Amino acid sequence: MANLFRNIENLKGVGKARAAKYQKLGISTPYELFFHFPKNYIDYTNPTAVADAPDNEYCVIKCMIIKKSTPQLIRKGLTIYKALAADSYGSEITVTIFNNYYLAEMLSENHEYYLYGKITENPVTSKKEIHSPQIMKTGSSELISPVYHLTEGLTNNIIRTNMTEALKILENEPVEILPCNIIFENNLMILTDAFKNIHFPSDMDTLKKARYRLAFDELLKLQLGMLMLKKRNRQKTGYIMNPEIKTDEFTENLPFELTSAQKKAADEIISDMCRSEPMNRLLQGDVGSGKTAVAACAVYFAYKNNCQSALMAPTEILAVQHYNTLSSYLEPFGIKVCLLTGSLPQKQKSEIKAGIKNGDYSLIVGTHAIIQKTTEYNNLGLVITDEQHRFGVAQRNALAMKGESPHKLVMSATPIPRTLGLIIYGDLDISVLNELPKGRIPVETYAVTGKLRQRAFSFIKKHLDEGRQAYIVCPMIEDSDSDLQSVCSYAEKISGNEFKNYRVGLLHGKMSPAEKDSTMAEFKNGNIDLLVCTTVIEVGVDVPNAVIMLIENSERFGLSQLHQLRGRVGRGREKSYCILITDNVSEDTLHRVRVMSSTSDGFKISEEDLKTRGPGDFFGQKQHGLPDLRIADISSDMELVRLTQKTASSIIENDPELEKPEHGALRIEVIRLFSRSENSSFD
């Protein structure tokens, strides 16, 4: 297989210059080129009649060239080539080619071709035209043509040509990574054929089989990797806790009654902490479902077992929020809590770290400061990370390394469907909080067009006059200057007009962490009435006095993201509202508005999001620690997800580290897949 893994510059037709272009696509060998899957295909097997071809849309037509016109030199540097063509029904179309002699020469009179391009109607003659089409002879054997993601210097034809050369290597060096029994049991195409047919399929059915095989491999490799991580986390822990110790005294003295979901999650966590292998559990719950109270139960149990606990939050202001909440729950029981953040004066930091090392504190709450080398623990038995997707695997592991394989609990307020959760959090057991505490008032959600913006502003002002606070969210779909300018100019405009008598704050992603924390603290403390912001507040601080959220251009957000944003209000005892403004009246937008207005259940919303958008980005930012999926589509491949989960479990049960000879190639592929992610500690 030496040729498959040589530098791609050695592939016929590539060379050093083109190899550098491929490097930008993450391709350095012919084997890696195989995984540059087409983004779509041009299907020449089912052409559209010229008369039926929709205006301003791309489609394939099958025509005979009737007459080629004399080339027209319009001006220096612009030559137009035209030909008249007709389909088998007699409908005519003009083929126009700009500045491309070679493309024009491909067409011969009285010959039939497939043409792919945008069909337009000439406003003067009302006749149909196709401009600079892709041309395929009707006798060609490759009637399903791949279309690739490109980079500067690499055209679709170049990639097709190089791919053809790379696939020739497979004739002498066939590849396969799966054991024969898995291929036969699942009726899979062999890998060499799958590579050939994903790039140059002979028909749509063969393409479907090739895609299925490659999606099977991708999901299997992903889940094998996650299971291997899970197994590696199952070493012995130094903190086997006593199941006889009860938490009743703690839970019965909380200022509220735990929900049945909270009680179940607490029982699962405590049960895990009594085992000889360390807990590695995700506590997943909707905004306001009471994750912090469950975490407090775990901290209390660890304290009763003479162990320290540490909680790491992604921002300083969230760390302060957790510190205040957990202190109020735990300190009445004699549990000392400290806060360790980067902004503390050096002297105070040193004093707190000395106390942590001596065991004076039973719970340490903080930011990244709690995983620094200079932070030493006395007996760290429980590690908690909040909003775990904001931390990479390396950061979570750094905190776990502070003890002798301590128990790990990660918390997330991002509800995602269970099947997707089993992949994203494949190295974790999952506890779900799927009910809200008693007394929570649902947020009323309304959708309006921009024509009612002023009425919405009046509604906001009414509540601000009553001493309440509000958010206005502007989309920042790209981290670009134009998007930044839009949110800044929006804040400037309303603070000088509609809200000139109110204290308006601004919060966006380009601000430094210190500036963000300062602004959020000002809002929380009531020094800002109206906060204009981007999705930076999606995972944020509790401001019980904020009762209205207005979201501009709401069609730009996914359902799950809208739900996360809406969760920033309704944190107190006052009735709260979410107003979605959009001028987009497409069926998709109307459907999303109906879903948002009809339910406040984050798990139902996430299921809808998965159906309509696919897995997408449930977090508003890229999930840390997971490799990209290049061909598998989780939203439509649910059965395949379940099948590969079952297959992966069976393989790992018999060969935990993929050390058997029949799994050698599979092990290499798992390492290769995870080398593209933060889980690159695989070896």
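**Exercises on a predicted model**

In helix 21, M638, L640, V641, T644, Q645, T647, A648, I651 and I652 are buried (under 20% relative accessible area, with a 1.4 Å probe and protein chains only). The structure is a predicted model, in which local features need pLDDT of at least 70 and side-chain atom pairs count only at pLDDT 80 or more, while totals for chains, interfaces and linings use all residues. Residues are numbered from 1 along each chain as its sequence is written, and side-chain values use heavy atoms, with hydrogens and water left out.

**Exercise 1.** State how far helix 21 reaches from its first C-alpha to its last.

*Solution.* Step 1: helix 21 spans residues 638-654, which is 17 residues. Step 2: the expected span is 1.5 Å times one less than the number of residues, here 24 Å. Step 3: the helix reaches 25 Å, close to that value.

**Exercise 2.** Describe the sheet of seven strands and identify its edges.

*Solution.* Step 1: the strands form an open sheet in the order 12-13-11-14-15-10-16, with parallel pairing (two strands pair if DSSP finds at least two bridges between them). Step 2: strand 12 (337-340) and strand 16 (429-433) each have a single partner strand, so one side of each lacks a neighbour in the sheet. Step 3: the twist from one strand to the next averages 20°.

**Exercise 3.** Describe how strand 11 is joined to strand 13.

*Solution.* Step 1: strand 11 (residues 308-312) and strand 13 (residues 363-366) run parallel and are joined by four bridges. Step 2: M312 has G366 in strand 13 as its bridge partner.

Technical notes. Helices (H or I, at least four residues) and strands (E, at least two) are DSSP runs, numbered from the N terminus. Buried means under 20% relative accessible area, exposed over 50%, partly exposed in between (1.4 Å probe, protein chains only). Axes are lines fitted to C-alpha atoms, for helices over the stretch in contact, and angles run from 0 to 180 degrees between N-to-C directions.
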